[in-house]
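Subject: Handing over a structure

Dear colleague,

I am passing on to you the structure that we spoke about, together with some notes on what turned up when I went through it. Please open it first and keep it beside you as you read.

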Amino acid sequence: MEKLQNSIDATIEQLKNDDSPWIVGFSGGKDSSLVVQVLICALCQLPVSKRRKLHVFYCDTGVEIPVLKDYIENTLNSIEKEGRKLGVDISVKAIRPPVKDRYFVKVIGRGYPPPTNIFRWCTDRLRIDPIQAAIKQYVGNGEATVVLGTRFSESEERDKILKTNALDNPYLFKQQGYQKTTLFCPIVDFTTEDVWEGLHCINGVSAIDLHLISKIYKEISGECPIIRLPETNPCSKGRFGCWTCTVVRKDKASKNLISNGYKSLEPLYEFREWLLSIRDDIEFRCTVRRNGLDGLGPFRLSARVKILEMLITAQEASGHDLISEEELSEIYRLWQLDKSNRNYAEDSKKHLTSQSTRTQKFCAGV
């Protein structure tokens, strides 16, 4: 496969000429999986003295689809072990946002509305900022190369961003807001079919279980041939994203997983649908914004109590851990701050004292 060989050759060349630390963004999906394979393959073709260490970062947002977490954790362990076997130094690390920036702290504690295309606050807080903070821990104020599975043709918005930040090398891009970070995207010109063919064709790297990842995508998107056949659709609909995502109107990933037997996701799916339905409901939102101006503001305190109650119900029904004690403590602290703010506390007292006994157990800090 010519594109795959070009990608490996470009990676070898970049490794030879770039002395900065290399950070690899890994989501568990097909694109980042192929990138890891390309990197290992390229490093194995370099003399041992020229091989650099790879830092593989997985960003655990806290709201990833639960049934995929085991697969991702097992794959990370396999990547690290295979690196040792092949003489490639690979460290893997799960990165979490600070508690103040986690999804439910923002929504339930601060009253943030669930993200939209217009107010997509989640990407920076849950993914980009934690990764940048982790990079700084490793390299200080020095430069770093971040390796991603970003590709053209994924969306018009993605294409625009890539073109705006392109450098002379077709695989290199600037990262907006981070002058000392360079993005290296070895599969940037791959189509979806190219990615699956690449996963199928790479030899000598076994950390990525092609049959298992194919099965997961099939269960997420409904169809997933390794290489596209004329009468079928490629695996382009599947995504390894957040189960709470309201940027998309329909959560097809969770819905398809439920249809394929993952019934424990049903309470999460129902919670997400309900949360989306109340996002712009004036009965749930304050009429004063955080900046003091009139307008659709944060969720009312009473709404936040209701959201927490619904989340705890989903947690108990599903058996999945959806919110931590650390997050609950921060939520209670933020509620106390807003109870003293006349713009947000007007309806808090009656709702916070008329909860069900079960919800009072989780709201004991209020």
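Let me begin with a single residue, Glu330, which counts as buried, because its relative accessible area is 14% and the limit for being buried is under 20%. Please bear in mind, here and throughout, that this is a predicted model. Glu330 is found in helix α12, which covers residues 325–339, and its side chain makes a polar contact of 2.8 Å with the side chain of Arg333. If its neighbours within four places in sequence are left aside, Glu330 is in contact with Val99, Lys100 and Val105.

With that residue in view, here is the chain as a whole. The chain has 14 helices and 6 strands, and of its 366 residues, 52% count as buried. Among the contacts with a separation of 6 or more, 69% are between residues that stand 24 or more positions apart. The accessible surface comes to about 17,700 Å², and carbon and sulfur atoms account for 48% of that surface.

The next residue to find is Arg151, whose place is in the loop between β4 (144–147) and α6 (156–164). Is Arg151 buried or exposed? Its relative accessibility is 5%, and therefore Arg151 counts as buried. The side chain of Arg151 is joined to the side chain of Asp31 by a polar contact of 3.1 Å, and it also reaches the backbone oxygen of Phe190 at 3.1 Å. When residues up to four places away in sequence are not counted, the residues that Arg151 touches include Lys30, Asp31, Arg158, Asp159, Phe190 and Val195.

Lys30, which Arg151 touches, deserves a look of its own. Lys30 is placed in helix α2, residues 30–44, and it is buried, with a relative accessible area of 5%. Measuring from C-alpha to C-alpha in the model, you will find Lys30 and Ser214 at 8.7 Å in space, although they are 184 residues apart in sequence. In a similar way, Lys30 and Leu210 are 9.1 Å apart in space, C-alpha to C-alpha, and 180 residues apart in sequence. Ser214 itself lies in helix α8 and is buried, since its relative accessible area is 8%. The side chain of Ser214 reaches the backbone oxygen of Leu210 at 2.7 Å.

For a contrast with these buried residues, you could turn to Lys163, which is found in helix α6 and is exposed, with a relative accessible area of 62%. From C-alpha to C-alpha, Lys163 and Phe152 are 9.2 Å apart in space, and in sequence they are 11 residues apart.

Now to the aromatic residues. A search of the whole structure finds 15 aromatic pairs. One of them is formed by Phe104 and Trp243, a tilted pair with 6.1 Å from centre to centre and 45° between the planes. Which parts of the chain does this pair link? Phe104 belongs to helix α4 (residues 103–110), while Trp243 sits in the loop between α8 (210–221) and α9 (252–259), so that the pair links distant parts of the chain, 139 residues apart. Phe104 and Trp243 are both buried. Both also take part in one aromatic cluster, whose other members are Tyr103, Tyr112, Phe119, Trp121, Phe271, Trp274 and Phe284. A ring of another kind of interest is that of Phe299, since Arg285 lies over its face, at 5.9 Å from the ring centre.

Last come the cysteines. A disulfide is a covalent bond between the sulfur atoms of two cysteines, and a search of the whole structure finds 0 of them. Cys44, for example, is in no disulfide, and the nearest cysteine sulfur, that of Cys41, is 7.0 Å away. Cys44 counts as partly exposed, with a relative accessibility of 30%, and Cys201 likewise counts as partly exposed, at 30% relative accessibility.

With best wishes

Terms used:
Residues are numbered from 1 along each chain as its sequence is written. This is a predicted model: local features need pLDDT of at least 70, side-chain atom pairs count only at pLDDT 80 or more; totals for chains, interfaces and linings use all residues. Side-chain values use heavy atoms; hydrogens and water are left out. Helices (H or I, at least four residues) and strands (E, at least two) are DSSP runs, numbered from the N terminus. Buried means under 20% relative accessible area, exposed over 50%, partly exposed in between (1.4 Å probe, protein chains only). Contact means heavy atoms within 4.5 Å. Accessible areas come from the Shrake-Rupley method with a 1.4 Å probe; for residues, only the protein chains shown count as cover. Rings of Phe, Tyr and Trp (its six-membered ring) pair if their centres lie within 6.5 Å; planes under 30 degrees apart count as stacked, over 60 as edge-to-face and the rest as tilted. A charge sits over a ring if NZ of Lys or CZ of Arg is within 6 Å of the ring centre and within 35 degrees of the ring normal. A disulfide is a pair of cysteine sulfur atoms within 2.5 Å. A polar contact is a pair of N or O atoms within 3.5 Å; within protein, one must be able to donate a hydrogen and the other to accept it, and residues adjacent in sequence count only if both atoms are side-chain atoms.
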